[in-house]
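Student: Could you take me through the surroundings of the ligand in this model, please? I would like a close look at that one part, and a word on any enclosed space in the protein.

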Amino acid sequence: MMPLQISCQIQSDSLSIIMNLESYLSEKCRVIDAALEKYLPPEDRFPDVIYRAMRYGVLNGGKRIRPVLTLAACEAVGGDPEIALPTACAIEFIHSFSLIHDDLPTLDNDDFRRGKPTSHKVFGEAIAILAGDALLAFAFEVVTGRTKDVPAEVVLDVTRRIASAAGTDGMVVGQVVDMISEGRTVEPETLEFMHRHKTGTLIEASVVCGGLLGGATGEQLEALGLYGKKAGLAFQIADDILDIEGEQAKMGKTAGSDLRRKKATYPSLHGLEKSRELARRAAAEAIDALKGFDERADPLRALARFIIEREA
Ligand code: GRG
């Protein structure tokens with residue numbers, strides 16, 4: 001990973017934050033990767049192919065942005081990130097599930113993901129579908145079974161928010177709009193709806209659930225929700241830009257696939273320059289949403305910048 005001395009200039013109150021995001025990310029990723037490995041079923045069980053496929057889809061080197069956001073949001077409200085770890089991992093299981101299904105021939109038909117052959121290329125389509133299904137169910141097993149020292153109603157609320165973000169209030173409708181928009185010119189509102197749902201809702205849930213588990217007040221939750229919405233939108237606009245400008249080797253997936261499939265994207269509708277401006281604006285609004293928080297929210301502020309400056 002490139003050294004990331006992130007200097008965040010917050011536009012509204014010109015507060016400047018310098019933090020070493022690289023060391024923060026690598027420490028959090030180490031903790032998250034160890035927990036993902038620990039929670040996942042071992043692959044020496046019958047029938048091993050499904051466990052191997054589940055593990056392959058998760059333990060293949062993602063950036064872990066969503067679980068890092070969950071831990072960072074928990075810390076931003078003074079909570080113990082250890083408590084949020086099962087939820088952070090559950091969200092990564094759901095995200096990994098969505099990538100396995102998104103890559104299938106019937107959806108995006110991609111051959112590479114995170115620098116490796118996609119799940120269906122390794123295990124065949126049927127097992128890839130089942131591994132995705134298994135990861136979705138497993139995510140809820142982990143949140144409800146592994147979360148400790150939190151009131152049951154908080155676990156219930158977290159569970160409901162994650163389910164809602166994965167389903168027809170979130171990823172599923174976003175994906176449907178993505179599919180029906182292929183090859184068509186869509187209205188800016190439709191594109192924003194698509195991005196908010198396909199990517200934004202799970203990112204928002206990652207942040208809000210971290211806050212909930214950390215004991216956030218109602219006001220803090222509202223601010224974290226706004227941060228998550230804006231950061232989620234910035235993330236997907238940046239993803240659209242990377243599909244055009246990014247280096248395939250760094251991204252670990254096939255570049256230019258949106259163009260080939262005539263996908264509705266920010267650059268296709270607004271052009272690259274305006275898209276960069278919209279991503280910057282969304283990230284600045286995310287940072288602005290945290291103005292009532294102290295320095296414990298600095299990682300969230302730096303992550304908003306990282307989301308639009310990343311190279312993969
Ligand atoms: C997942 C509930 C559910 C149903 C299937 C396939 C699908 C519906 C939805 C697709 C959602 C999807 C794949 C959105 C794209 C989000 C996106 C930008 C993914 C890339 O995320 P990164 O960059 O990837 O965080 P890494 O590999 O770093 O984890």
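Tutor: Here is a walk through the ligand site, followed by the cavity. Please keep in mind that this is a predicted model.

Let's begin with the shell around the ligand. It has 20 residues, and those that come nearest are Lys63, Arg66, His95, Arg114 and Ala166. Three of these side chains can be described at the level of atoms. Lys63 places a polar side-chain atom 2.5 Å from a ligand oxygen. For His95, the distance between a side-chain N or O atom and an oxygen atom of the ligand is 2.7 Å, while for Arg114 the corresponding value is 2.8 Å. As for cover, the ligand taken alone exposes 730 Å², and the protein buries 92% of that.

By residue type, the shell holds seven nonpolar, six polar and seven charged residues. Helices H4 (81-102), H8 (171-181), H9 (188-213) and H10 (218-245) each provide at least two of its residues. H4 has the largest share, with five residues.

H4 also turns up at the cavity. The count gives one cavity of 30 Å³ or more, and the largest cavity has a volume of about 100 Å³. Its lining consists of 13 residues, with Asn60, Ile100, Asp103, Arg113 and Ser119 nearest the centre. Helix H2 (48-58), H4 and helix H5 (119-123) are the elements that give two or more residues to this lining, and H4 gives the most, with three. By type, the lining of the largest cavity divides into four nonpolar, six polar and three charged residues.

Note on methods. Residues numbered from 1 in each chain as written. Predicted model: local features only at pLDDT ≥ 70, side-chain atom pairs only at ≥ 80, totals over all residues. Heavy atoms only, no water. Near = heavy atom within 4 Å. Polar contact = N/O pair within 3.5 Å; in protein donor to acceptor, adjacent residues only side chain to side chain. Areas by Shrake-Rupley, 256 points an atom, 1.4 Å probe, with all protein chains shown as cover. Helix = DSSP H or I, 4+ residues; strand = E, 2+ residues; numbered from the N terminus. Nonpolar A, V, L, I, M, F, W, Y, C, P; charged D, E, K, R; others polar. 1 Å grid on protein atoms, 1.4 Å probe; cavity = no way out; pocket = protein on both sides within 12 Å on 5 of 7 lines; lining within 4 Å. Points joined across faces, edges and corners; volume = space filled by probe spheres on them.
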